[in-house]
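Hi everyone, thanks for making time. I'd like to walk you through a structure that is new to most of us, so have a look at it first.

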Amino acid sequence: MAKLPYSWNKVSSGDIISLMESSTGLRISDARMVKLSKDQASNFYAEHKGKEFFDGLVDHMSSGPILALALVGENAVRAWRDLLGPTNPLEAKTSAPNSIRGQFGSINPKNAAHGSDSGESSQRELNFFFGPNSRLSTTASMGNDNNATCAVVKPHIVLSGGFGQVLTQIQEK
């Protein structure tokens, strides 16, 4: 399970997805853009409750929309974690500068992306975002201001590794 911010500064989630598509064998099997409430973020990161970074993490993850991805491929958890790099983006910038956190992270907890740390965590996190009992709503608004649309990306684009480029173009418009 990958969780990406919708966008920050001049980096889009499409940029991160393009890097993932070009450097791993992973593909996206599901995607959902949501805005977590503080309670939802607290529940998602419940195993970190009581740690010094917990409140900052919850505040950051509930501060705006995120893009949750279900990634599939051989050794998906390990491949994504390797591409993410060290949790601390300042450490990643020196020890793994080509990693996602090395390129796109700033300072904890703004380390650019999340990755499940085990197969067990992955199942729990995928159920949180995509399971049948998930109560998360999307970030689209249904007003008369033309701020929402439907975009259908055909499977061959995802399978060919072009979803990141498509998402970047959508976000730029």
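**A walk through the model**

Let's begin with a single residue: Asn-75 counts as exposed, because its relative accessibility is 56%, over the 50% cut-off. You'll find Asn-75 in the loop between E5 and H4. What is the sign of phi at Asn-75? Positive, about 50°, although this residue is not a glycine.

Now, Ala-112 also isn't a glycine, and it has a positive phi too, about 85°. Ala-112 sits in the loop between H6 and E6. Is Ala-112 buried or exposed? Buried, because its relative accessible area is 9%, and anything under 20% goes in that class. That loop between H6 and strand E6 (114–115) also holds Pro-109. The peptide bond leading from Asn-108 into Pro-109 is cis, with omega near 5°.

Okay, let's zoom out. Please remember that this is a predicted model. The chain's average pLDDT is 86, and 87% of the residues score at least 70. Which elements mark the two ends of the range in mean pLDDT? Strand E2, residues 7–8, has the lowest at 42, while H4 has the highest at 96. Where pLDDT is low, the predicted coordinates shouldn't be read in detail, so I'd go easy on E2, given its mean of 42.

As for the overall make-up, we have 9 helices and 6 strands. The chain has 173 residues, and 43% of them are buried. Of the contacts with a separation of 6 or more, 69% are between residues 24 or more positions apart. The chain exposes about 10,000 Å², and carbon and sulfur atoms supply 50% of that.

So what's inside? In soluble globular proteins, nonpolar side chains tend to be buried together. Here the largest nonpolar core has 20 residues, and the members touching the most others are Ile-17, Met-20, Ile-28, Leu-71, Trp-80 and Ile-100. Which elements give two or more residues to this core? Helix H1 (13–23), strand E5 (66–72), helix H4 (76–84), helix H6 (100–104) and helix H9 (163–172). There's also a second, separate core of 13 residues, and Val-34, Phe-44, Tyr-45 and Ile-66 are among them.

Phe-44 and Tyr-45 turn up again in an aromatic cluster, together with Phe-128, Phe-129 and Phe-130. In total, the structure holds 5 aromatic pairs. Take Phe-128 and Phe-129: their ring centres are 4.9 Å apart and their planes are at 75°, so this pair is edge-to-face. Phe-129 is buried, with a relative accessible area of 0%.

Just before Phe-44 along the chain comes Asn-43, in helix H2, residues 38–44. Asn-43 counts as exposed, because its relative accessibility is 52%. Its C-alpha is 9.3 Å from the C-alpha of Val-58, which is 15 residues away along the chain.

Last stop: H9. Its buried residues are Phe-163, Gly-164, Leu-167, Thr-168 and Gln-171. Looking down the helix axis, you'd see these fall within an arc of 135°, so they line one face of H9. And what's on the other side of H9? Gln-165, Gln-169 and Glu-172, which are exposed there.

That's my tour; over to you.

Terms used. Residues are numbered from 1 along each chain as its sequence is written. This is a predicted model: local features need pLDDT of at least 70, side-chain atom pairs count only at pLDDT 80 or more; totals for chains, interfaces and linings use all residues. Side-chain values use heavy atoms; hydrogens and water are left out. A nonpolar core is a set of buried Ala, Val, Leu, Ile, Met, Phe, Trp, Tyr and Cys residues joined through side-chain atoms within 4.5 Å. Buried means under 20% relative accessible area, exposed over 50%, partly exposed in between (1.4 Å probe, protein chains only). Helices (H or I, at least four residues) and strands (E, at least two) are DSSP runs, numbered from the N terminus. pLDDT is the predictor's confidence in each residue, from 0 to 100. Contact means heavy atoms within 4.5 Å. Accessible areas come from the Shrake-Rupley method with a 1.4 Å probe; for residues, only the protein chains shown count as cover. Rings of Phe, Tyr and Trp (its six-membered ring) pair if their centres lie within 6.5 Å; planes under 30 degrees apart count as stacked, over 60 as edge-to-face and the rest as tilted. The arc is that of the directions from the helix axis to the C-beta atoms.
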